[in-house]
Amino acid sequence: MLGEEKLNQIAEKALSFSKAEQTEVVLSVSGNALTRFANNQIHQNVAWKNLGISARVIIDKKTHLRKGSGGQVGVASTNAFDTESLKDVMARATELASLQEPDPGFVSLPKPQKIEKVSDDIYHATEEEMSDGAHTVIKKAMKENLIASGAYANDVSELAVANSLGVWAYHAGSSCNLSAIVLGIDSSGFAADVARNPDEVDAELVAETAVQKTLESKNPQDIEPGGYEVILEPQAVSEMMAFFQWYGPNARIYHEGASPLSDQMGKQVFGKNITIIDDPFHESVFPMPFDFEGQPKKAMTFIKNGVLENIAYDSYHALKYHHKNTGHALPAPNTMGPIPLHMYIAAGDKTRDEMIKNVKRGLLVTRLWYVRVLNPKMLNVTGMTRDATFLIENGKIIRPVKNLRFNQSIPEALNNVVGIENKLTPLASFEGEMISLAPTLHISKWEFSSATLF
Amino acid sequence: MFTRIGYNKNTNSDIMLKKAENILSKIPSADYADVRVVDQSSEDIATKDGVVEALESSQSLGYNIRILKDGVWGFTASFDLSEQGVDETIKKALAIVKASTKHKTSNVQLDELEPIVDSYKTPIQEDPFNVPMEEKIKILLAADKAQKVSDKIAVTQASYQANRERKYFVSSIGSKIDQDIVWTGAGTDTTAVDGPELQNRSYPNSFRGQNQTRGFELVRELELEKHAPKYAKQAVELLTADTCPTGEFDLILDSNQLALQIHESCGHAVELDRVLGYEASYAGTSFLTTEKLFNFQYGSNIVNLTADATIPGGLGTFGYDDEGVPAQRTYLVKEGTFQDYITSRDTVSKLHELNPKYNKKSNGTVRASSWSRLPMIRMTNINLEPGGEVGTGKAWSLDEMIADTKYGIFMSTNRSWSIDDRRYNFQFGTEIAWEIKNGKLGRMLKNPTYQGITPQFWQSCDAICGRPEWTVWGTPNCGKGQPGQVMYTGHGASPARFKKVKVGVVKW
């Protein structure tokens with residue numbers, strides 16, 4: 001890691017090589033390691049480090065910017081910080097900008113804003129810690145004659161943003177993520193834990209949960225597809241909500257009319273028990289005090305008691321649509337729009353066991369797999385269940401069942417939530433970059449359309 | 001601060017190979033080691049509603065070392081090519097080896113490989129990086145504008161991308177290979193909206209068009225501006241089209257949809273690392289277990305599937321894989337019977353133990369998405385061979401196939417895809433479909449979907465079009481592995497017919 005002072009010097013140096021009207025640089029430094037295991041032994045054990053600079057240059061050769069009708073924008077990147085490379089990346093970005101037609105939607109890079117300081121502590125997991133974490137899962141699986149697979153990832157990174165209008169933002173962070181899928185002859189079980197510090201990763205609990213799920217889901221039985229009540233465990237809720245992150249409160253898609261939330265501001269869009277928050281400072285997530293334009297993030301509520309209150313903006317869409325920037329920019333050039341990265345459904349008042357007891361006939365789903373959008377406007381998705389699915393009857397888990405395919409509208413599901421767990425579980429993506437929180441949900445109807453063979 | 005030794009177009013192969021050899025020479029005694037120095041560059045242009053909203057040039061240079069010692073692998077990668085940086089990278093790799101050894105239960109074995117000293121360069125007519133940027137922008141803006149055929153058009157988009165990978169590979173068995181791989185792609189995507197209704201049409205394929213290991217000649221041949229209006233009009237027509245009916249019907253898939261069907265239900269299913277459980281922690285396993293080799297009826301007897309990294313222009317075409325194994329053509333399924341996997345040097349050794357009938361060497365499919373990623377088994381070009389060329393069956397034309405269908409649905413261009421973690425249950429949606437009645441193409445249908453179980457589906461294949469309608473489509477967004485890798489793969493296909501498929505499985 002290079003530290004704030006060094007990165008600030010590099011950013012200043014890079015900016016000094018630009019003669020453009022406005023210039024922005026995003027600097028990144030990363031050190032990553034991942035220990036992967038399968039068939040009860042480590043089979044891939046890797047570490048890599050990299051750095052990067054991305055320069056966004058805005059020129060006004062055609063004088064549209066000064067008239068408020070668009071700048072010419074070019075972006076270039078490289079993975080070196082030496083003088084020659086900094087000059088080269090700036091020259092390439094400038095050349096690209098000079099070939100551009102003015103973008104009428106581009107008004108200006110953002111100006112400096114006060115950024116809340118959060119901890120920059122980072123934690124490196126050693127090769128031994130990661131290997132031992134993997135071995136904890138392997139040992140427990142072998143004891144039950146099961147096969148362990150999984151990955152222990154440690155990601156350490158620095159991010160800095162500077163622009164010629166005076167923006168400077170720096171943050172360092174790290175994460176440790178142990179995930180496991182344990183396989184039996186005809187069953188599997190998933191578990192994971194994520195923390196900032198390797199000491200806080202509970203490998204024993206991951207091992208115990210994954211092994212237990214595998215044992216409990218042995219000998220799964222066929223079940224007819226159709227509409228069922230479901231208990232979605234936190235991993236499944238997170239996998240369902242990933243696409244809502246992209247197609248829901250995203251200013252670009254919202255204003256294009258392609259989001260299920262388009263034209264619904266202030267209206268009841270989900271059940272009254274649904275509140276959806278984006279909180280980059282939540283104690284259980286990995287804090288991120290600013291976005292990729294160096295603009296401050298803050299906790300905000302998108303959906304309150306089912307009513308749409310806010311959506312996510314970056315500087316481009318805020319200026320284009322005359323709205324306040326909410327600090328949700330992604331790295332430029334961004335053709336996807338502003339996307340919230342710390343979004344979750346607020347906790348409710350039920351325990352997981354209470355929700356199971358309330359199910360007359362339904363399915364307990366550990367996680368979803370290969371979820372894809374059929375139509376973004378309606379946000380109906382398809383996907384499979386995976387790694388332990390169970391039939392619940394009259395409030396009791398009866399037996400494991402084979403996996404099913406679902407075709408389900410997410411807005412409909414969020415209108416049919418009848419129970420929300422009273423706690424949130426921190427979750428990592430498989431690579432550990434996007435951290436989210438989720439409660440277990442009880443949904444009164446979920447459409448399963450076909451079965452698979454296991 | 002950090003030592004840089006040159007970028008892409010200025011890269012000197014001899015210097016880079018020497019650098020790789022220098023790194024290799026520093027690695028202490030091991031069972032096997034290899035080094036890859038990789039210099040990647042790319043340019044991307046994306047237009048939206050007549051504005052160039054992304055104009056980007058990216059470069060990345062780095063290297064990795066892979067050490068096999070005491071029966072386990074260690075892999076490290078870094079951007080830092082200085083002497084000190086290299087020493088640290090090697091030291092870290094050895095520490096990783098030590099940590100892996102602690103809990104090992106068996107030794108990694110590699111199959112035999114003769115050393116190779118060679119160069120490979122993608123044959124291209126026009127280097128995309130030498131075409132003036134102004135010209136590329138002009139082509140895309142014209143294609144973007146050409147989509148505005150109606151006031152129902154909500155979003156117009158056009159995209160272009162070009163990539164160059166210079167790879168310098170040396171290994172402890174004496175191989176020394178440099179490759180210069182170029183691939184290019186372009187396409188258009190129109191969105192039409194009317195109230196709650198939203199429809200898309202893309203040309204020539206969805207998800208960034210067509211992509212091939214070719215130069216800018218591909219972009220010129222696509223004639224985006226000329227073709228874009230036809231597809232934009234279809235997007236508008238789809239807004240008021242009838243919904244695809246539900247039932248079990250004969251289904252004809254256009255070659256661009258069949259490409260993704262092959263990718264998901266064959267390509268991933270034959271990855272030997274997945275079959276052996278090495279991908280269980282992420283993407284899952286495969287139903288094509290090793291006892292099925294040489295005897296499992298994967299498809300009907302007209303189904304012939306190959307992995308072929310030698311097809312001119314295929315997005316999965318190269319000279320050598322990232323273990324230094326030459327590019328090859330392999331039958332995966334021949335006349336319907338499952339014949340082979342796509343393999344690597346270590347997994348093929350494992351297969352020799354599990355199935356003594358299998359005596360082949362690695363068929364050369366190992367690639368990494370960048371210098372920072374571990375090489376692993378990836379699809380090359382996985383193809384459904386044209387009808388009438390191997391075994392029984394004839395080379396149909398699409399017109400003949402439609403004329404031969406009493407009632408059916410013809411679907412084109414992927415819109416959604418999903419498959420279970422053993423590659424059995426799949427569901428696809430396409431952008432557009434047409435009803436076939438009494439041998440004639442009839443009304444346009446919106447929101448088409450179909451679902452099936454892989455072997456049942458391929459066993460229902462009763463007609464495949466011939467080579468004149470065979471296209472090698474590029475799939476540049478194939479995800480696999482932890483840490484994640486996005487790889488470029490290819491799929492040759494011509495339209496084919498499948499009997500009694502569940503169609504219209506979702507209504508909206």
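Two strands pair if DSSP finds at least two bridges between them. That rule underlies much of this report, which concerns a predicted model.

**Strands β2 and β3 of chain B**

In chain B, β2(B) and β3(B) run antiparallel and are joined by 7 bridges. One position in this pairing is B:L68, which stands opposite B:W73 in β3(B). The two strands form a hairpin with 2 residues between them, and there B:D70 takes a positive phi near 50°.

Strand β3 of chain B, residues 72-78, is mostly covered, with 7 of its 7 residues buried. In a regular strand the side chains alternate between the two faces of the sheet. For β3(B), the buried residues on one side are B:V72, B:G74, B:T76 and B:S78, and those on the other are B:W73, B:F75 and B:A77, so both faces are covered.

**Pairing between the chains**

Strands also pair across the two chains. β2(A) pairs with β3(B) in the parallel sense over 4 bridges, and the bridge partner of A:V46 in β3(B) is B:F75. Strand β3 of chain A, residues 72-78, pairs with β2(B), also in the parallel sense, over 3 bridges. In that pairing A:A76 stands opposite B:S57 in β2(B).

The table lists the strand pairs of both chains that are described in this report.

| Strand pair | Sense | Bridges | Opposed residues |
|---|---|---|---|
| β2(B) and β3(B) | antiparallel | 7 bridges | B:L68 and B:W73 |
| β2(A) and β3(B) | parallel | 4 bridges | A:V46 and B:F75 |
| β3(A) and β2(B) | parallel | 3 bridges | A:A76 and B:S57 |
| β12(B) and β13(B) | antiparallel | 2 bridges | B:K334 and B:T337 |
| β8(A) and β11(A) | antiparallel | 3 bridges | A:I277 and A:Y344 |

The contact between the chains takes 69 residues from chain B and 77 residues from chain A. On the side of chain B that touches chain A, strand β2 (residues 51-69) of chain B gives the most, with 12 residues. By class, that side of chain B has 34 nonpolar, 24 polar and 11 charged residues.

**Residue A:R92**

A:R92 lies in helix α2 of chain A, residues 83-99. Is A:R92 buried or exposed? A:R92 counts as buried because it has 22 C-beta neighbours inside 10 Å, and the cut-off for a buried residue is 20 or more. Not counting residues up to four places away in sequence, A:R92 touches A:A76 and B:S57. Those two residues stand opposite each other in the pairing with β2(B). A:R92 and A:V107 are 15 residues apart along the chain, and their C-alpha atoms are separated by 22 Å.

**The two domains of chain A**

The domain assignment of chain A gives domain 1, residues 4-213, and domain 2, residues 220-451. The C-alpha centres of these two domains of chain A lie 23 Å apart. Their contact takes 39 residues from domain 1 of chain A and 34 residues from domain 2 of chain A. On the side of domain 1 that touches domain 2, the elements giving two or more residues are β2 (41-59), β4 (147-163), β5 (168-183) and β6 (188-195) of chain A. Of these, β5(A) gives the most, with 8 residues. That side of domain 1 of chain A has 18 nonpolar, 13 polar and 8 charged residues.

**A helix pair in chain A**

Two packed helices are described by the angle between their axes and the distance between the axes. The axes of helix α3 (residues 127-143) of chain A and helix α4 (residues 203-216) of chain A come within 9 Å and cross at roughly 35°. The crossing of α3(A) past α4(A) is right-handed. Among the residues that meet are A:G133, A:T136 and A:V137 in α3(A) and A:A203, A:E204 and A:V206 in α4(A). The residues of this contact of α3(A) with α4(A) divide into 7 nonpolar, 2 polar and 3 charged.

**Two open sheets**

Chain A has an open sheet of 4 strands in the order β10-β9-β8-β11, with antiparallel pairing. Its edge strands are β10 (307-308) and β11 (343-345) of chain A, each pairing on one side only.

Chain B has an open sheet of 4 strands in the order β13-β12-β11-β16, with antiparallel pairing. Here the edge strands are β13 (337-338) and β16 (382-384) of chain B. Helix α6 (residues 255-267) of chain B packs on this sheet and touches β11, β12 and β16 of chain B. The direction of α6(B) makes about 115° with that of β16(B).

Notes:
Residues numbered from 1 in each chain as written. Chains lettered and ligands numbered in written order. Predicted model: local features only at pLDDT ≥ 70, side-chain atom pairs only at ≥ 80, totals over all residues. Domains from an automatic or database assignment. Contact = placed C-beta atoms within 7 Å. Nonpolar A, V, L, I, M, F, W, Y, C, P; charged D, E, K, R; others polar. Axes fitted to C-alpha atoms, helices over the stretch in contact; angles between N-to-C directions. Buried ≥ 20, exposed ≤ 12 C-beta atoms within 10 Å, placed from the backbone. Left-handed = near helix turned anticlockwise from the far one by under 90°.
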